[in-house]
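Reader: Hello! I am new to reading protein structures, and I would love a close look at one part of this one. Could you take me through it in a friendly way?

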Amino acid sequence: MKSAIAILMYHSLDASGSVVSVPPRVFGEQMATLASAGVECVSLREAIEKRESGGEWPARCAVVTFDDGYASVHEHALPVLREHGFGATVFVVSGHVGGRNDWAPPPRRLGERPLLSWGQIEELAASGVEIGAHTVTHPDLTSLADDEIKGEIVRSKDMLEAGLGRSVETFAYPYGRENRRASAVARQTFRAACTTSLRRAGGEDHWSLPRVDMYYALRFVDPRRVVEGGDDWRLAVLSWGRAIGGLVR
């Protein structure tokens, strides 16, 4: 059986109940459960390095990712990650650092919320959290012309590297939407890129990695089953239902 890894996807940590929200208490419980089970949570860059050196995804390991760069990651996730010695990756919308999630009408119940400041991003990076890119303005890349796609992807990397003074190696497609043109630019610019396809990562290449959206996994009693593959069938059913319901973000 080929190796697989769960790349866990979070957005905002809040109690709003929106489709991009997980309550901070639940996030803390999920991380504590994984830690007690001996699961190592790492950044996407760390997982890629382990796969490249060993030829397969690392065993008993999960990747923790956050999209958009909400300030709640600094407030609620960082203390939990520090407590367990976990790594993570935060995909930041570079043109909205220090601003709000006002690139489009926010999901129902979420409302506009503050995003990470440069100071908070620097503290996350200093604590071992990887900073990845999520474009400049969070557009649907599949709707853009070639030069616009390149500008959104390449400039996001350049802006973050200039602000942080360190390399930015990974990327997440806004709304999880990619096409051949966007993927080609991501391949030229980053070491890996994530989609929002709802399943564990297995044999995919590094620029079309699926993830487990933890909003949908809230109904799972034990996150260990998600990491260990015991709920792969549930993820397949949820993926089908999400596509039918038009919930792909």
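Reader: Before we zoom in, how much area does the chain expose, and what percentage of it do carbon and sulfur atoms supply? After that, please look closely at Ser12: which residues is Ser12 in contact with?

Author: Happy to help! This is a predicted model, in which local features need pLDDT of at least 70 and side-chain atom pairs count only at pLDDT 80 or more, while totals for chains, interfaces and linings use all residues. Residues are numbered from 1 along each chain as its sequence is written, and side-chain values use heavy atoms, with hydrogens and water left out.

Your opening question comes first. The chain exposes about 10500 Å², an area found by the Shrake-Rupley method with a 1.4 Å probe. Carbon and sulfur atoms supply 50% of that area.

Here is the setting for your residue. The chain has 8 helices and 10 strands; these are DSSP runs numbered from the N terminus, with H or I over at least four residues for a helix and E over at least two for a strand. Its radius of gyration is 17 Å, close to the 18 Å that the globule rule gives for 249 residues, so the chain is as compact as a globular protein of that length. That radius is taken over C-alpha atoms, and the rule is 2.2 Å times the number of residues to the power 0.38. Along the principal axes, the C-alpha atoms fill a box of roughly 45 × 40 × 35 Å. Of the 249 residues, 53% are buried; buried means under 20% relative accessible area, exposed means over 50%, and partly exposed is in between (1.4 Å probe, protein chains only).

Now to Ser12. You will find Ser12 in strand S2, which covers residues 12-13. With a relative accessibility of 1%, Ser12 counts as buried. Leaving aside neighbours within four places in sequence, Ser12 is in contact with Val20, Ser21, Val22, Tyr70, Ser72, Leu110 and Arg113, where contact means heavy atoms within 4.5 Å. There is also a polar contact of 2.5 Å between the side chains of Ser12 and Asp14. A polar contact is a pair of N or O atoms within 3.5 Å; within protein, one must be able to donate a hydrogen and the other to accept it, and residues adjacent in sequence count only if both atoms are side-chain atoms.

Contacts across the sequence matter for the whole picture too. Among the chain's contacts between residues at least 6 apart in sequence, 65% join residues at least 24 apart.

Some other places are worth a visit with the same eyes. Leu141 sits in the loop between strand S7 (130-133) and helix H5 (146-164), and Leu141 is buried, at 0% relative accessible area. Beyond four places in sequence, Leu141 touches several residues, including Ile149, Phe171 and Tyr173. Ser239, in helix H8 (residues 232-245), is partly exposed at 26%.

Finally, look at two backbone angles. Most residues other than glycine have a negative phi. Asp68 has a positive phi, near 85 degrees; Asp68 lies in strand S5 (residues 61-68) and counts as buried at 5% relative accessibility. Arg109 also has a positive phi, near 85 degrees, but Arg109 is in the loop between strand S6 (89-92) and helix H4 (118-126) and is exposed at 52%.
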